[in-house]
Amino acid sequence: MPGGLGASYRSLADDVYKTTTIPDNKFNMMESVKKVFSFTVNQRRSEPLIEKEPQPVVTSTMPSDSMDDIELRNIQLQFPAVRSLSRDDPSVEEVRVDTDRGTVLVAVQGNRSKPAILTYHDLGLNYVASFQAFFNYSDMRMLLENFSVYHVNAPGQEEGAHPLPDDYEYPTMDELANQLNFVLGHFGLNSIIGLGVGAGGNILARFALNHPNKVEALCLINVVSTQAGWIEWGYQKINARYLKSKGMTQGVLDYLMWHHFGRGTEERNHDLVQVYRTYFERFINPGNLAMFIDSYVRRSDLNMTRNGATLSMPVLNISGALSPHMEETVTLNSRLDPTNSSWMKISDCGMVLEEQPNKVSEALRLFLQGLGYAIKVGRKKLTSSVSAEGFVVKMSRSGDSLHSVSWPIHITENPISEAAVC
């Protein structure tokens, strides 16, 4: 700081600022000006105090002014691998079974000496489109080691089916259910575990009501238990008329996609939508489907009440959260015995077997274990489950002798005894 007028500034170091302050009688004014000028010139010519990193040399041949634009233009939309539905499965044997209303095609897979699971498909589908991908899922393939599976196709609904005769009177829903007696008799089955979707589940429920001793348990998916309302009746009548006269029109196709997947399917599963659209157009006989739809829309109410006549066997009632039939599954649940039935809603799907096979296979496995079946399948431990080592004994009667078979297994408590949401 200046000590007074005419005094000199004190610099903190021996630098240039010392020579640019007021002289303290060692230098004259002219010398000070020369030093200032010399310092400025030297500073301009000298290297900068902070060294800059050398600029990289761009050797790319790509234009430097629009790098991001070029990268975006080079991005192409990649679709998933092409999926298809094919009946060429060497593990499946197709058998024609005679009934009182013509023949039906039954596809059999697994060891026929094991307990039987009988499946029935929905409208516009057959065993290939409805169950093949699900039973080819890794967990379900392991399940097949413990069961045999009988896939029943409604008359004329199998892949590549010939047109039914013009004078053919398509069976009613009750008559379709009665055909299952001939299927069980043909293969020598005393009882079955039913797995049905939509219209097929309605048929299995009718069979179970009429023959409770032949059905050990039921797994019903998106099943309606009431008769058709006026809106459904009108839509389905129009669909049947177009199928008979014009074939698979765009309107019928859109209705079938909504029936199976609900709304917003294109955004969820673009590839799955294309697979089923193609299948409906190429592999389903439209005239035969019209007859099946007409039979389904004329269905009667199942006439079940919780406190009266209802399904006496254990029932697993499943619905997709996005399915248009979810409210109907709630109605069905209200008509079942709560002590032997469970309602399960699976999120983010409409067609649960295709969109969420892992959750359905897990629920089905636990359901079958709850029936007492020993199922040796690998699985991850669930934190919400209680497990213990033990034995499950399944009694079977062969002729006049009673056999007891036991397997050491890992028993898991069924977590879906009440209504569950996944």
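These legends walk through several close-up views of one predicted protein model.

The model is predicted, so local features need pLDDT of at least 70 and side-chain atom pairs count only at pLDDT 80 or more, while totals for chains, interfaces and linings use all residues. Residues are numbered from 1 along each chain as its sequence is written, and side-chain values use heavy atoms, with hydrogens and water left out.

**Figure 1. The whole chain sets the scene for the close-ups.**
The protein chain holds 15 helices and eleven strands. Helices (H or I, at least four residues) and strands (E, at least two) are DSSP runs, numbered from the N terminus. Of the 422 residues, 45% count as buried. Here buried means under 20% relative accessible area, exposed means over 50%, and partly exposed is in between (1.4 Å probe, protein chains only). A contact means heavy atoms within 4.5 Å. Among contacts with a separation of 6 or more, residues 24 or more positions apart account for 72%.

**Figure 2. Arg-299 is a buried residue in a loop.**
Look for Arg-299 in the loop between α12 (286-297) and β7 (315-320). Its relative accessibility is 4%, so Arg-299 counts as buried. Which backbone oxygens does the side chain of Arg-299 reach? One belongs to Thr-226, 2.9 Å from a polar atom of that side chain, and another belongs to Tyr-296, at 3.1 Å. Both are polar contacts, that is, pairs of N or O atoms within 3.5 Å; within protein, one atom must be able to donate a hydrogen and the other to accept it, and residues adjacent in sequence count only if both atoms are side-chain atoms. Leaving aside residues up to four places away in sequence, Arg-299 touches Met-173, Asn-202, Arg-206, Val-224, Thr-226, Gln-227, Ala-228 and Glu-232.

**Figure 3. Helices α6 and α7 pack roughly perpendicular to each other.**
Two packed helices are described by the angle between their axes and the distance between the axes. Axes are lines fitted to C-alpha atoms, for helices over the stretch in contact, and angles run from 0 to 180 degrees between N-to-C directions. For α6 (residues 173-187) and α7 (residues 199-210), the angle is about 70° and the axes are 8 Å apart. The pair is therefore roughly perpendicular, since 65 to 115 degrees counts as roughly perpendicular, under 35 as roughly parallel, over 145 as roughly antiparallel and the rest as oblique. On the α6 side, the contact includes Met-173, Leu-176 and Leu-180. On the α7 side, it includes Asn-202, Arg-206 and Phe-207.

**Figure 4. Helix α9 has many neighbours around its buried residues.**
How far apart are the end C-alpha atoms of α9 (residues 250-261)? They are 16 Å apart, which agrees with the 16 Å that twelve residues should span at 1.5 Å a residue; the expected span is 1.5 Å times one less than the number of residues. The buried residues of α9 are Val-252, Leu-253, Tyr-255, Leu-256, Met-257, His-259, His-260 and Phe-261. Their cover includes α8 (230-245), α10 (265-268), α11 (270-282), α12 and α14 (352-355). Just after α9 comes Gly-262, with a positive phi of about 80°.

**Figure 5. Helices α9 and α11 cross obliquely.**
These two helices pack at an angle of about 130°, with their axes 11 Å apart, and they are therefore oblique to each other. Among the residues making the contact are Leu-253, Met-257 and Phe-261 of α9, together with Leu-272, Tyr-276 and Phe-280 of α11.

**Figure 6. Glu-354 in helix α14 meets Tyr-276.**
Glu-354 is found in α14, and at 12% relative accessibility it counts as buried. Its side chain makes a polar contact with the side chain of Tyr-276 (2.8 Å). Glu-354 and Ser-130 are 224 residues apart along the chain, with their C-alpha atoms separated by 8.3 Å.

**Figure 7. Two loop residues, Asn-303 and Asp-348, have positive phi without being glycine.**
Asn-303 lies in the loop between α12 and β7 and has phi near 55°. Is Asn-303 buried or exposed? At 59% relative accessibility, Asn-303 counts as exposed. Asp-348 is found in the loop between β8 (341-346) and α14, with a phi of about 60°. Asp-348 is exposed too, with a relative accessible area of 54%.
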